[in-house]
Amino acid sequence: MTVKTRFAPSPTGYLHIGGVRTALFCWLYARHHGGRFVLRIEDTDRERSTRESVDAILTGMQWVGLDWDEGPFYQSQRYDLYTAARDRLLDTGHAYHCYCTPEELEAMRAEQLAAGQNPRYDGRCRDRTTARDGVDPVIRFRTPDSGEIAVDDLVHGNVVFDNADLDDLVIVRSDGHPTYHFSVVVDDADMGITHVIRGDDHLKNTPRQMHIIDALGYQRPVYGHLPMILGADGARLSKRHGAVNVLEYREQGYLPQALLNYLARLGWSHGDQELFSLAELVQLFDVGAVHRSAARFDADKLTWLNQQYIMHEPAGTLVPGLRAHLEGEGLDPAAGPPLEAVVEAYRERARTLREMAEACWYLFRDFDRPDAAAAKKHLRPVIAEPLKAVRERLAGLEHWRRDMIHAAMHETAESCGLGFGKLGQPLRVALAGGPVSPPIDVTAELVGRDRALKRLDHALQLIAERAAAAG
């Protein structure tokens, strides 16, 4: 048997963290078993489904790198299959037309609640044989009203449901559109899905779907229901916890491989290992090892993990992302040093690519004046002569390399009777426009000879202006 899993999002919003984790676990399970991964867009809710949401889902899946083998399939293009399955259920007596009005259903619900009962459809149209004028009927599935049905779940084990607690659910709305419970059963069977891996909020739906599967003569898939993701405070994951469009993580400068690594560890583990390559995840992942308890989303842990990837990924793999963030800051990546060199200089200082782009702006854009507070503290008349001396030494260098730059700076500090820090920080403010940058020799090398000398001239002019104003 070829293992086949599917990810089936509804395009009524963006692709969020919970959806990506479900897709990842489905993808890993299929890849681990040498199977196939299907992407299906469940867009039968015509009022809420949008093209914008579809595009966001596809773009999000592509960004995180979860490639699909089949699809994307769209339920809105598969109505012939649902119609044929509907007719089979009606013909065999497993489904029936229900003519109850919304008002009657609400009255039924109110009576049951008043009697302390769980509200459910009471089957009053089960044996109806005549139509009702002026009412467009729904179609309900005739659920067995006695006995039990068991879900042998890969995560939760054997879960037993009493059929008497399951009412006759609607499988086709009054406008002819299939409901989720019905279309998902038909699609999974038609596509040959062998393993359904999804959130455990669907576990209560599974016995209903299994009854429909049995009535249609389909083979039941194997189920695995993943525990939900909570915020760090134990509340249901929401926007304030990070349940945002996954593409916002791209905008914030997170790496897709770091995000997948983090999500894989939300509810699954392999010893104490924290960092996994995608190949390792494929080799090691087993849905049966997923924890039953809910996982907690920790934004700080994700950021830490992202920084680990920034520190250890080959610089070339980070260049496209850095380029995009530089452009997002209005900077021209071609107006500065090679981006691989920038990555090497900043990889241990930045938690995200966005932070990296924001910190290295001075390499791609000139400035008229450095940060006012830093200039006031470090660009004082007492440092003017040492700055002039180091400028002369730097201008005379045969090659603009950090080792030669480093030597020139140290020689100047010694000749002026200064500790290196006394010269290094003014140099940093002059070259980078502020008090923070990589080591000063690295900073100068990245800034470049012509730009560095020009900025030193501007710093000396600023010192002279302040001296004149004070004197």
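A residue counts as buried here when its relative accessible area is under 20%. Keep that cut-off in mind, and keep in mind too that what you have open is a predicted model.

**Stop 1: Phe367**

Select Phe367 first. You'll find it in the loop between helix H13 (353-359) and helix H14 (372-378). Is Phe367 buried or exposed? Its relative accessible area is 13%, and the cut-off is 20%, so Phe367 counts as buried. Now add Ile193 to the selection and draw a distance between the two C-alpha atoms: you should get 59 Å, for a pair 174 residues apart along the chain.

**Stop 2: the parallel sheet S1-S2-S3**

Head back towards the start of the chain and select strand S1 (4-7), strand S2 (36-41) and strand S3 (70-74). Together they make an open sheet of three strands in the order S1-S2-S3, paired in parallel. S1 and S3 are its edges, each pairing on one side only. Look along the sheet to see the twist, which averages 25 degrees from one strand to the next.

Zoom in on the join of S2 and S3: three bridges hold the two strands in their parallel arrangement. To pick out a facing pair, click on Val38, which stands opposite Glu70 in S3.

**Stop 3: the antiparallel sheet S4-S5-S8**

Next, select strand S4 (95-98), strand S5 (138-141) and strand S8 (170-172). This is another open sheet of three strands, but here the pairing is antiparallel and the order is S4-S5-S8. The edges are S4 and S8, each with pairing on one side only. Neighbouring strands here are turned by 45 degrees against each other on average, ignoring direction.

Between S4 and S5 there are four bridges, with the strands running antiparallel. Show His97 and look across into S5: its bridge partner is Ile139.

**Stop 4: S9, H6 and S10**

Now colour strand S9 (195-199), helix H6 (206-216) and strand S10 (222-226). S9 and S10 pair in the parallel sense, over five bridges. One residue to show is Gly199, whose bridge partner in S10 is Leu226. Follow the backbone from S9 through H6 to S10 and you trace a right-handed β-α-β crossover.

Why is S10 largely enclosed by the rest of the structure? Four of its five residues are buried, so little of the strand is left uncovered.

**Stop 5: the cavity**

Stay in this region, but switch on a surface or a cavity display. Searching the whole structure turns up one cavity of 30 Å³ or more, and it holds about 30 Å³ of space. To see its walls, select Arg6, Val184, Val185, Asp188, Val196, Arg198, Gln209, Ile213 and Tyr223.

Which elements supply at least two residues each to this lining? They are helix H5 (180-190), S9 and H6. H5 gives the most, with three residues. Colour the lining by class and you'll see five nonpolar residues, one polar and three charged.

**Stop 6: the largest pocket**

Now for the open spaces. The largest pocket has a volume of about 1000 Å³. To centre your view on it, select His16, Gly18, Gly19, Asp201 and His202, which lie nearest its centre among the 36 lining residues.

Three elements give two or more residues to this lining: S1, helix H1 (17-32) and S9. H1 gives the most, with five residues. By class, the walls have 15 nonpolar, eleven polar and ten charged residues.

**Stop 7: the second largest pocket**

For the last stop, jump to the second largest pocket, whose volume is about 300 Å³. Centre on Arg250, Gly321, Ala324, His325 and Leu353; of the 18 lining residues, these lie nearest the middle.

Helices to colour here are H7 (246-251), H8 (256-264), H11 (315-328) and H13 (353-359), each supplying at least two lining residues. H11 has the largest share, at seven residues. The class count for this lining is eight nonpolar, six polar and four charged. H13 also takes you back to where the tour began, as Phe367 lies in the loop between H13 and H14.

How values were computed:
Residues numbered from 1 in each chain as written. Predicted model: local features only at pLDDT ≥ 70, side-chain atom pairs only at ≥ 80, totals over all residues. Heavy atoms only, no water. Pairing = 2+ DSSP bridges. Axes fitted to C-alpha atoms, helices over the stretch in contact; angles between N-to-C directions. 1 Å grid on protein atoms, 1.4 Å probe; cavity = no way out; pocket = protein on both sides within 12 Å on 5 of 7 lines; lining within 4 Å. Points joined across faces, edges and corners; volume = space filled by probe spheres on them. Nonpolar A, V, L, I, M, F, W, Y, C, P; charged D, E, K, R; others polar. Buried < 20%, exposed > 50% of the residue type's maximum accessible area, 1.4 Å probe, protein only. Right-handed = clockwise from strand over helix to strand, strands pointing away.
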